[in-house]
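Biologist: I have a structure open and would like to talk it through slowly. Could you take me around it, one topic at a time?

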2 protein chains.
Amino acid sequence: MLDVSLNRHTSQALYRQIAEQIKTQIGNGRLPANTRLPTVRQLAQELGVTRLTIQNAYGELQADGWIEATVGRGTFVSPAVQPMSLQPTIGQFLTPDSALSDMLEINHIIGVRSMAMAHPDPTLYPTDEFYDYLNRLRPIAAQLFNYGPIQGDAELRVEVAKLVQEAGITAVPEQILITAGAMQAISLVAQALAQPGDLVLVEQPTFLGTLNIIKAQHLRSQAIPLHPDGPDLEALEQAMREQRPRFFYTIPNFHNPTGYCASPEKRAALLALARQYDCLIVEDNIYGNLAYDGPPPPPLKAQDGDGRVIYMSGFTKDIMPGLRIGYAIVPPHLRTRLLTLRRSTDMCSPELTQRALAHFLRDGGLKRHLRRVLPVYKERRDTLLTALQTFMPAPVTWSQPGGGFSSWLRLPRYFAPGELYRLALQNGFAFTPGEAYLMDALDAEHLRLCFGNQSTAGIRAGVQLLSELIRQRMQAGSRPSTWLPIV
Amino acid sequence: MLDVSLNRHTSQALYRQIAEQIKTQIGNGRLPANTRLPTVRQLAQELGVTRLTIQNAYGELQADGWIEATVGRGTFVSPAVQPMSLQPTIGQFLTPDSALSDMLEINHIIGVRSMAMAHPDPTLYPTDEFYDYLNRLRPIAAQLFNYGPIQGDAELRVEVAKLVQEAGITAVPEQILITAGAMQAISLVAQALAQPGDLVLVEQPTFLGTLNIIKAQHLRSQAIPLHPDGPDLEALEQAMREQRPRFFYTIPNFHNPTGYCASPEKRAALLALARQYDCLIVEDNIYGNLAYDGPPPPPLKAQDGDGRVIYMSGFTKDIMPGLRIGYAIVPPHLRTRLLTLRRSTDMCSPELTQRALAHFLRDGGLKRHLRRVLPVYKERRDTLLTALQTFMPAPVTWSQPGGGFSSWLRLPRYFAPGELYRLALQNGFAFTPGEAYLMDALDAEHLRLCFGNQSTAGIRAGVQLLSELIRQRMQAGSRPSTWLPIV
C-alpha cells in the first residue's frame with residue numbers, strides 16, 4: 001500500500017528511512033490529507049521490520065504534525081498538512097531555471113491553485129483515443145520498441161508535412177526532424193547554429209526555456225523589446241546590422257509569456273530585415289493551433305521565400321506534454337548537422353508513441369480534439385480577462401491574448417513581484433514572476449497568468465485573491481519588506 | 001495502402017513525387033520485394049490525381065527496375081530490388097558518427113544480415129507483458145501524459161534504487177536521475193563536468209556514442225589503451241597526474257566494443273588512482289546484466305567509498321532500446337546542475353513508459369525476462385566463437401566476451417577494414433569497422449561483430465562469408481585498392 005523501500009546497508013536507521021519516505025510522499029501530494037495509513041502491524045509485516053520500528057516512525061511523524069492517530073479509527077495523514085511546507089526552495093530564486101523548476105514542482109503539489117504553468121488541462125487530454133492507437137500497434141510493437149530512426153518516425157514526418165501544409169508551409173518529410181518536444185528542437189538548432197560565445201537575439205520577454213538553453217550552451221544573447229504588435233524593428237535592425245547575430249528567436253503567434261501576435265506588417269518587415277542582413281530566424285510556433293478568435297495568422301515560415309526561417313512546433317500544448325514530441329523544419333544544409341547532434345545527445349525518440357501520434361493525426365484526431373478543447377480554452381481566456389477587469393486595482397494592466405495559454409500583467413513600477421509570488425504561494429496560489437522571462441531583471445514589474453489548466457471558477461477565485469494581495473501591497477505603500485519575510 | 005503525400009505547391013511534378021516516395025519506401029524496406037502495389041485506378045482515386053499521373057510514376061519505376069507489372073496479375077515491387085542501392089552514403093565515412101548512422105540505416109534495410117549493431121533481438125522483447133503494464137495505467141493516464149518530473153518518475157527511481165542495490169550499490173531515489181537512454185546520461189554528465197576545451201580520458205577503443213558526445217561538446221580527449229583485463233594503468237596514472245582530466249570514462253563490465261571485463265585487481269587500482277589524483281570516474285554499465293558465464297562482477301560503484309564514481313546504465317540492452325530509458329547515480333553536488341541541464345535540453349522523459357517500466361521491475365519482470373533471454377544470447381555467443389574458430393584464417397584473432405553483445409576482431413595489420421566493410425555490405429553482410437571506436441584511426445585493424453540480433457544459423461553464415469572475404473583479401477596480397485572501387 002505504502003511505497004517504502006528500505007536500505008539495510010546504510011547507517012540511517014530503518015525508522016528514519018520509513019518516516020522520511022512517508023514525509024516525502026505527503027509533501028509531494030502522493031499521500032493527500034486524510035489518507036489512511038496501514039496499521040503498525042500491517043506495515044511491519046509488509047516491510048519485514050519490527051513493530052517498534054514502525055511505532056518509532058509513526059511517532060516521529062505524529063510529533064512533527066504530519067500524521068494523526070485516533071484510537072479505534074486508525075492513523076491518517078494530517079488534514080492540516082501543507083504540502084508546501086516541504087518545499088522551502090520554491091520561490092527562493094526567480095531565474096528562468098528556478099522558475100521552471102518551481103512550476104513543475106507546484107504542478108505536483110495538491111492544494112495549490114496554479115496559474116503558473118502554460119500547459120493544457122489534463123482532464124481534456126485525448127488519452128482514451130490515444131490508448132486505442134497505442135493498442136492497435138501492439139502486433140508490430142517489437143519493431144517499434146527497437147531504436148527508431150534518428151530523424152523521427154517516417155509516418156509521423158509524413159503527417160507533420162501535411163499538418164504544416166495546412167498552415168501554408170511547404171515541406172517534404174525529408175526536411176522534418178522529430179524531436180523530444182519543441183524544447184529539444186530549440187536546443188539542437190541553437191547548438192547547430194551557434195558556438196559557445198556567439199551572439200543570438202531574443203525577444204524581451206521570451207520563453208524561459210530558450211533563456212535556459214542559451215545559458216547552458218554558453219551563448220551570448222541580446223534582448224529585442226517586444227511590443228503588442230511584434231518585436232521592436234529599430235532595435236532588431238540595429239542588432240542585426242552591428243552585431244551579426246547567429247539567429248533571432250521569435251514567437252510571432254500567441255507569444256509566451258505575453259500572448260502577443262505580431263502584425264502582418266511587422267512579419268513582412270522582419271523577413272525583409274533577415275534577408276537584408278542575412279540573418280536566420282528561429283520561429284517557435286508551439287501555440288499556433290490554440291487560436292480563439294478565428295484562424296491563426298500564417299507562420300513566418302509560410303512567407304519564407306529564401307529559406308531563412310527555421311520553424312519549430314510540437315504537440316505539447318495542443319495535445320499533451322507527456323508525448324514529448326516536437327519537430328523542426330530545417331534547411332537542407334543543417335539536416336546532417338542536426339542528425340549528428342541528435343545522435344550525440346539521446347539518439348532518438350521512442351518510435352511507438354511517434355507512430356501512434358502519426359495515426360492519430362492521419363485520422364483527423366488533432367482537428368477533432370481542437371474542436372473539443374478550443375471552446376473550453378476560449379471560455380477560460382474570456383473568464384480571465386473579465387475577472388481581471390472586475391477585480392484588479394487600477395494601475396495594473398494586462399495583455400489580451402488571442403490564443404495560447406497566458407496573459408502578461410504589468411504591475412506598478414518598483415512592485416517587486418518576487419515578494420508577491422512568495423506571498424501568493426503561501427496563500428495557495430501560483431503565478432510566474434516576470435523575471436523568469438527576462439534576460440536581465442531590470443524590468444521586473446510583470447507576471448504571467450496561465451488560464452489553460454484552471455476551471456472558470458478557479459480562474460475567478462485566483463484572480464480575486466491575487467487582486468486582493470496586490471491591493472494590500474499597494475496600501476502598504478512604501479514599506480515594501482516589512483510585511484513578508486524574504487526567504 | 002501506399003503512404004504517398006502530395007505537395008501541389010511545388011514545382012516538382014506529381015508523378016515524380018509519387019515515384020520518389022515509392023522508391024524511398026522500397027529502398028528503406030517499407031515496401032519489401034514482391035509487395036503488390038495498388039492498381040493505377042485505385043491509386044489515382046486515392047490520391048485524387050489522374051490515371052495518367054500514376055501511369056507516368058509506375059512507368060518510371062518500371063523503367064528503373066524498381067517494380068514489375070504482369071498483365072492480369074498486377075504490379076509488384078521487383079524481386080530483384082536491392083534496398084542497398086539507394087544508400088550510397090553507407091560506408092562512405094568511418095567516423096563514429098557515420099558508423100552509428102550507418103548501423104541504424106542498415107537496421108532498417110531488409111536483406112542485409114547485420115552484425116553491426118549491439119542491440120537485443122526484437123523477437124525476444126517483452127512487448128506483450130509491457131503492453132499489459134501500459135494498459136493497466138490507462139485509468140491514470142491523463143496524469144502520466146502531463147509533464148513528468150525532471151528527475152524521472154518517482155516510482156521508477158525507487159525501483160532503480162532496488163535494482164542497483166542487488167549489484168551492491170547503495171543509492172537512494174534522490175540520487176537517481178532518469179534519462180532518455182544511458183546515452184543521454186553520458187551526455188548530461190559530460191556537460192556538467194566539463195567545459196568546452198576541457199580534457200577527458202576514454203578507453204581505446206570505446207563506445208562510439210561517447211566519442212560523438214565528446215566531439216559535439218567541444219571537449220578534448222585522451223585515449224588510454226585497453227587490455228583484456230582492463231585499462232592500461234601506467235597510461236592512466238600518467239594522464240591523471242600530468243593532465244588533470246575532468247573524468248575517466250570506462251566500461252568495466254562487458255566492454256563495448258571488445259567484450260572485455262576488467263579484473264578485480266585493475267578495478268581496485270583504478271579506484272585507488274582516482275582517489276590519489278582526485279579524478280572522477282564515469283562508469284558505464286549498460287551491459288551489466290548480460291552475463292553469460294555466471295553472475296557479473298560488481299560495478300566499480302559498489303566499491304566506491306568516497307563518491308568518485310558516477311554510475312550509469314539503462315534498459316536498452318537488457319530489455320529494449322525503444323523505451324529510451326536510462327539512468328545515472330549522481331553525487332549530491334551534481335544533482336542540481338544535472339537537473340538544470342536536463343531542463344535546458346528536452347525537459348523530461350515521457351512518464352507513461354517510465355511508470356510502466358517501474359511496475360514491470362517491481363513485479364520481477366526484468367529477472368523473468370533475463371532468465372528467458374540469457375540462455376539464447378549465451379548460445380549465440382558460443383556459436384559466434386565456434387564459427388570464428390572454424391572459419392577464420394589464422395592471423396585473425398578475437399576477444400572472448402563473457403557478456404554483452406560483441407566480440408572484437410583483430411585483422412592482419414594494414415588490412416584497411418574500411419574496404420572490407422564496404423565489400424561485406426555489397427555481399428549483404430554488415431559489421432562495424434573498428435575505426436568508429438577509436439579516437440584516432442592509426443590503429444585501424446579491428447572490427448566489431450555483434451551476436452545479439454542474429455540466429456545461430458545467421459551468425460554461422462555471416463562469419464563464414466566474412467572469413468571468405470578476409471581470405472580472398474589476404475590472397476590478393478599487396479593489391480589493396482584494385483579489387484574494390486572506393487566510393
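**Around helix 9**

Modeller: Let me begin with the buried residues of helix 9 of chain A, whose cover includes helix 4 (96–107), helix 8 (181–193), strand 6 (199–204), strand 7 (220–227) and strand 9 (247–250) of chain A, together with helix 12 of chain B. Please keep in mind throughout that this is a predicted model.

Biologist: Which residues of helix 9 of chain A are buried, then?

Modeller: They are A:Leu208, A:Gly209, A:Thr210, A:Leu211, A:Asn212, A:Ile213, A:Ile214 and A:Ala216. Because 8 of the 9 residues of this helix, which covers residues 208–216, are buried, helix 9 of chain A is largely enclosed by the rest of the structure.

Biologist: And what is the phi of A:His218 like, just after helix 9 of chain A?

Modeller: A:His218, which comes just after that helix, takes a positive phi of about 60 degrees.

Biologist: You mentioned chain B in that cover, so let me switch to the pair. By what turn can chain B be laid on chain A?

Modeller: A turn of 180 degrees, with a shift of 0.0 Å along the axis, lays chain B on chain A with an RMSD of 0.1 Å. That is the relation of a two-fold axis. The same surface serves both copies, since 100% of the contact residues of chain B recur in chain A.

Biologist: How many residues of each chain are in contact with the other?

Modeller: In the model, 62 residues of chain B are in contact with 62 residues of chain A. Several helices of chain B each supply at least two residues to the side that touches chain A, among them helix 4 (96–107), helix 5 (127–136), helix 9 (208–216) and helix 12 (332–343). Sorted by class, that side of chain B has 28 nonpolar, 25 polar and 9 charged residues.

Biologist: Back inside one chain: at what angle do helix 7 and helix 13 of chain A pack?

Modeller: Helix 7 (residues 154–166) and helix 13 (residues 351–362) of chain A pack at an angle of about 35 degrees, and their axes are 8 Å apart. The crossing of these two helices of chain A is left-handed.

Biologist: Which residues meet there in chain A?

Modeller: From helix 7 of chain A come A:Glu155, A:Leu156, A:Glu159 and A:Leu163, and they meet A:Gln354, A:Arg355, A:Leu357, A:Ala358, A:Leu361 and A:Arg362 in helix 13 of chain A. The residues of this contact divide into 5 nonpolar, 1 polar and 4 charged.

Biologist: And at what angle do helix 7 and helix 13 of chain B pack?

Modeller: For helix 7 and helix 13 of chain B the angle is about 35 degrees, with the axes 8 Å apart, and their crossing is left-handed.

Biologist: New topic: where does B:Pro321 lie?

Modeller: B:Pro321 lies in the loop between strand 10 (309–314) and strand 11 (326–329) of chain B. It counts as buried because it has 25 C-beta neighbours inside 10 Å, and the cut-off for that is 20 or more. Leaving aside neighbours within four places in sequence, B:Pro321 is in contact with A:Asn146, A:Tyr147, B:His119 and B:Thr316. The C-alpha atoms of B:Pro321 and B:Tyr125 are separated by 9.5 Å, although these residues are 196 apart along the chain.

Biologist: What about B:Arg324, is it buried or exposed?

Modeller: B:Arg324 counts as buried, with 31 C-beta neighbours inside 10 Å. It lies in the loop between strand 10 and strand 11 of chain B, and its phi is near 50 degrees, a positive value in a residue other than glycine.

Biologist: Where are the cis peptide bonds I should look at?

Modeller: In chain A, the peptide bond from A:Asn256 to A:Pro257 is cis, with omega near 10 degrees. In chain B, a cis peptide bond joins B:Asn256 and B:Pro257, with omega about 15 degrees.

Biologist: Last thing: what does chain A average in pLDDT?

Modeller: Chain A averages a pLDDT of 89, and 92% of the residues score at least 70. Over residues 478–487 of chain A, however, the pLDDT is below 50, and this stretch has 11 contacts in the model beyond near neighbours in sequence. The model scores ipTM 0.82 and pTM 0.83.

Methods:
Residues numbered from 1 in each chain as written. Chains lettered and ligands numbered in written order. Predicted model: local features only at pLDDT ≥ 70, side-chain atom pairs only at ≥ 80, totals over all residues. Least-squares fit on C-alpha atoms with pLDDT ≥ 70 in both. Contact = placed C-beta atoms within 7 Å. Helix = DSSP H or I, 4+ residues; strand = E, 2+ residues; numbered from the N terminus. Nonpolar A, V, L, I, M, F, W, Y, C, P; charged D, E, K, R; others polar. Buried ≥ 20, exposed ≤ 12 C-beta atoms within 10 Å, placed from the backbone. Axes fitted to C-alpha atoms, helices over the stretch in contact; angles between N-to-C directions. Left-handed = near helix turned anticlockwise from the far one by under 90°. pLDDT = per-residue confidence, 0-100.
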